[in-house]
Amino acid sequence: MDAYPISAVSHPTDEMEMVIDAQLRKPSMAGTDEKPAIQERVWGHAARVDPTVTYEEYIYWAKIEREIEEEEQKKFRAEHGKYPSWISSGSSTESSSAPFTNEKDTNGEVAAVSSVSEYVDPLKASDAEWRTAARAMRVASWGQMFFLITTDILGWSGAPFVFASVGYGAGVALYIIFGAFATFSGWCIWKVYLELDSSRYPMMSYGDPFLRLFGKKSRHFINVAQSLQQFLTVAVLILSKTTNISQISKRTVCFSGMMAVVLAIGMISGIIRSLTKIGWLSNASVFLNIANSLIIMVAAATYEPFYEAVTRSTLIKTIEPIVVFAGQPPDQYQQQVPGFASQFTTVNTMVYAYAGALLFVAFLAEMRHPMDFWKGLFCAQAFICTVYLLFGVFVYSYWGQYSANNIVNVIRPYPLQTAGNVLTVLTGLIAVFMYFNIGMKTVYLEVFQAVFGFPPISTRKGKIAWYCLGPIYWILAFVVAASVPNIGGIVSLVGALFMIDFTYSFPGMLLLGHLVQKAAALPGEGFSPYTRVTTRLDTGMKRWARGFQKSWKGSAPLTLYVLLGLACCGMGIWAAIEGLISIFGPDGTVATAWGCGAPV
């Protein structure tokens with residue numbers, strides 16, 4: 001779907017060329033016989049992940065990019081008005097560069113980064129043509145960012161469980177505090193993106209800023225972690241969708257057998273290598289989720305909960321009068337784990353509400369004017385927080401301690417429960433397709449293609465490899481889901497291991513690294529677009545220490561923020577493991593791995 005005419009944002013004009021000239025042109029070198037020895041850049045696939053491009057060069061081109069975008073935005077507003085479009089479209093194009101060669105002078109004081117061959121004027125026409133191609137599909141507005149961020153698939157149904165674990169007071173406080181921190185984390189990612197992204201070196205994924213700030217090993221770590229998180233998310237979805245199907249059948253079918261059916265459906269979805277033609281499914285899932293939440297609220301206000309769904313899959317084994325608490329509920333009303341650990345189990349579940357930070361870099365890469373991203377971010381996070389609070393408080397007020405994580409399974413009577421389960425299965429299968437596609441692509445590109453030399457997915461051999469590896473991915477996810485048949489436990493573990501760090505710790509690390517490196521610059525250092533040389537007077541820990549000292553007003557609070565995020569991650573992992581031990585211990589759930597008995 002095209003939100004705007006491509007010509008409105010992608011065709012270079014005389015005004016744009018004047019901006020380029022104003023930003024790039026230095027005293028002319030014409031007439032000199034000797035030209036710096038550099039190699040002409042080829043902007044293609046390798047530029048985005050070229051580890052030899054320096055931080056200073058990223059900063060240089062990003063500054064120019066933002067100024068050009070500002071000029072384009074002024075013209076766009078004059079032609080189209082100030083109101084954002086709410087129709088999403090577009091994707092950006094990748095670019096590439098030739099690698100640099102690291103050199104150092106003989107006394108070890110000045111480090112220079114350069115490449116060899118003949119001089120090329122950075123203002124040549126091909127640069128403008130490249131920028132036109134690179135930005136041709138960047139047409140999304142901040143209004144579309146609001147829609148994308150609020151297109152939540154997993155988190156809303158866990159809101160009542162949060163209040164059942166910690167009560168009204170702590171539940172409201174946690175949603176607001178973690179929502180504010182999630183907004184701050186999104187702001188951190190946005191600031192780093194503006195400082196490092198350009199058409200020459202576009203940022204497309206969460207790992208790209210880590211490469212530019214901390215090196216290629218950090219990018220590999222992020223990509224592996226992201227792949228594992230998406231893999232476990234697929235396992236969660238297999239388990240939860242099988243639970244819904246089991247309830248629809250009134251537990252007359254073998255649970256592990258139904259998991260195998262979901263596995264087969266997932267394998268068939270592996271034939272889809274691109275989500276471009278099925279993007280409308282994501283929009284449809286939003287309205288299906290809204291309808292499902294309304295069904296749950298009606299059921300909560302009208303009927304008692306389906307107690308068996310709670311007593312079979314949680315620590316609550318007896319049916320007692322429904323009670324609600326303003327503060328921490330007593331241990332006898334805890335579903336996953338008693339005591340102090342219950343609070344961190346709640347955090348592990350709650351962070352799913354704000355886990356969109358993982359995709360913020362990809363969202364920004366779609367924007368015509370990324371400087372407006374903060375508007376969509378603030379509005380979306382406020383909307384998410386409000387909706388989750390209202391839904392969670394409403395359901396908990398009626399169902400109290402029986403507000404389970406798998407809230408759809410607690411609905412009664414059966415017809416209403418079935419309607420909720422059918423909608424949940426539909427939205428869940430959409431989520432399965434989406435997360436498998438993204439997760440498998442990440443694994444294929446970053447592991448099999450980059451490390452083991454597999455062919456690109458677009459080639460014939462790449463397609464064959466994709467079709468062969470896809471079933472293996474699904475089988476492994478099936479093994480995990482069948483081995484841990486407890487939705488609340490596995491959701492808590494995934495939230496602790498990945499969601500907390502991707503949403504809070506890692507964004508803080510990015511802005512911290514950027515502030516320190518930017519502050520560490522000394523007079524005489526920088527990047528020259530004519531010689532393509534980056535000059536630094538020192539390197540290593542000395543440089544990082546100087547940067548931290550000079551930027552301590554921002555760096556010290558960010559360091560504390562990162563440490564708090566890591567502490568929450570550690571405590572969350574401990575709580576999740578304690579919860580799983582409690583659930584599968586002697587007094588825990590009757591659900592067993594690889595059995596025909598359903599956990600609910």
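Is Trp 544 buried, partly exposed or exposed, and at what relative accessibility? I looked this up before anything else, and Trp 544 counts as partly exposed because its relative accessibility is 32%, which falls between the 20% and 50% cut-offs. I note here that the model is predicted.

**Overall view**

I then turned to the chain as a whole, which has 19 helices and four strands, and of whose 600 residues 55% count as buried. For the accessible surface I found about 25000 Å², with 67% of this area belonging to carbon and sulfur atoms. Among the contacts with a separation of 6 or more, I noted that 84% are between residues 24 or more positions apart.

**Aromatic pairs**

I counted 28 aromatic pairs in the structure. I looked at Tyr 60 and Trp 61, whose ring centres are 5.0 Å apart and whose planes stand at 90°, so I entered the pair as edge-to-face. Tyr 60 is buried at 16% relative accessibility, and Trp 61 is buried too, with a relative accessible area of 3%.

Returning to Trp 544, I found its ring stacked with that of Phe 214, at 6.2 Å centre to centre and with 15° between the planes. This pair links distant parts of the chain, since Phe 214 belongs to helix α7 (residues 207–214) and Trp 544 to helix α18 (residues 541–550), 330 residues apart. Phe 214, like its partner, counts as partly exposed, at 35% relative accessibility. I also traced the cluster that ring pairs build here, and its members are Tyr 206, Phe 210, Phe 214, Phe 221, Phe 502, Phe 506 and Trp 544.

**Charges over rings**

I checked which arginines sit over rings, and found the charged end of Arg 200 over the ring of Trp 61, 3.6 Å from the ring centre. I found Arg 212 over the face of Tyr 58, at 4.3 Å from the centre of that ring.

**Salt bridges**

I counted ten salt bridges, and I began with Glu 56, which pairs with Arg 536 at 2.8 Å between the closest N and O atoms. Glu 56 lies in helix α3 (residues 55–80) and Arg 536 in strand β4 (residues 533–536), so this salt bridge ties together parts that are 480 residues apart in sequence. Glu 56 is buried, with a relative accessible area of 14%, whereas Arg 536 is partly exposed at 22%.

Glu 56 also meets Arg 543 in a salt bridge, at 3.7 Å from N to O. As Arg 543 lies in helix α18, the pair ties helix α3 to a part of the chain 487 residues away in sequence. Arg 543 counts as buried at 9% relative accessibility.

Within helix α3 I found Arg 66 and Glu 69, three residues apart or about one turn of the helix, with their side chains joined in a salt bridge at 2.8 Å, N to O. Both of these residues are buried. I then followed the salt bridges that share partners, and they join Glu 56, Glu 525, Arg 536, Asp 538, Arg 543 and Arg 546 into one network.

**Two helices**

For helix α16 (residues 460–483), I compared the expected span of its 24 residues, 34 Å at 1.5 Å a residue, with the 36 Å between its end C-alpha atoms, and the two agree. Its buried residues include Trp 466, Tyr 473, Trp 474 and Phe 478.

Helix α12 (residues 341–350) is mostly covered, as nine of its ten residues are buried, among them Phe 344, Asn 348 and Met 350.

How values were computed: Residues are numbered from 1 along each chain as its sequence is written. This is a predicted model: local features need pLDDT of at least 70, side-chain atom pairs count only at pLDDT 80 or more; totals for chains, interfaces and linings use all residues. Side-chain values use heavy atoms; hydrogens and water are left out. Helices (H or I, at least four residues) and strands (E, at least two) are DSSP runs, numbered from the N terminus. The expected span of a helix is 1.5 Å times one less than its number of residues. Buried means under 20% relative accessible area, exposed over 50%, partly exposed in between (1.4 Å probe, protein chains only). Rings of Phe, Tyr and Trp (its six-membered ring) pair if their centres lie within 6.5 Å; planes under 30 degrees apart count as stacked, over 60 as edge-to-face and the rest as tilted. A charge sits over a ring if NZ of Lys or CZ of Arg is within 6 Å of the ring centre and within 35 degrees of the ring normal. Contact means heavy atoms within 4.5 Å. Accessible areas come from the Shrake-Rupley method with a 1.4 Å probe; for residues, only the protein chains shown count as cover. A salt bridge is a side-chain nitrogen of Lys or Arg within 4 Å of a carboxyl oxygen of Asp or Glu.
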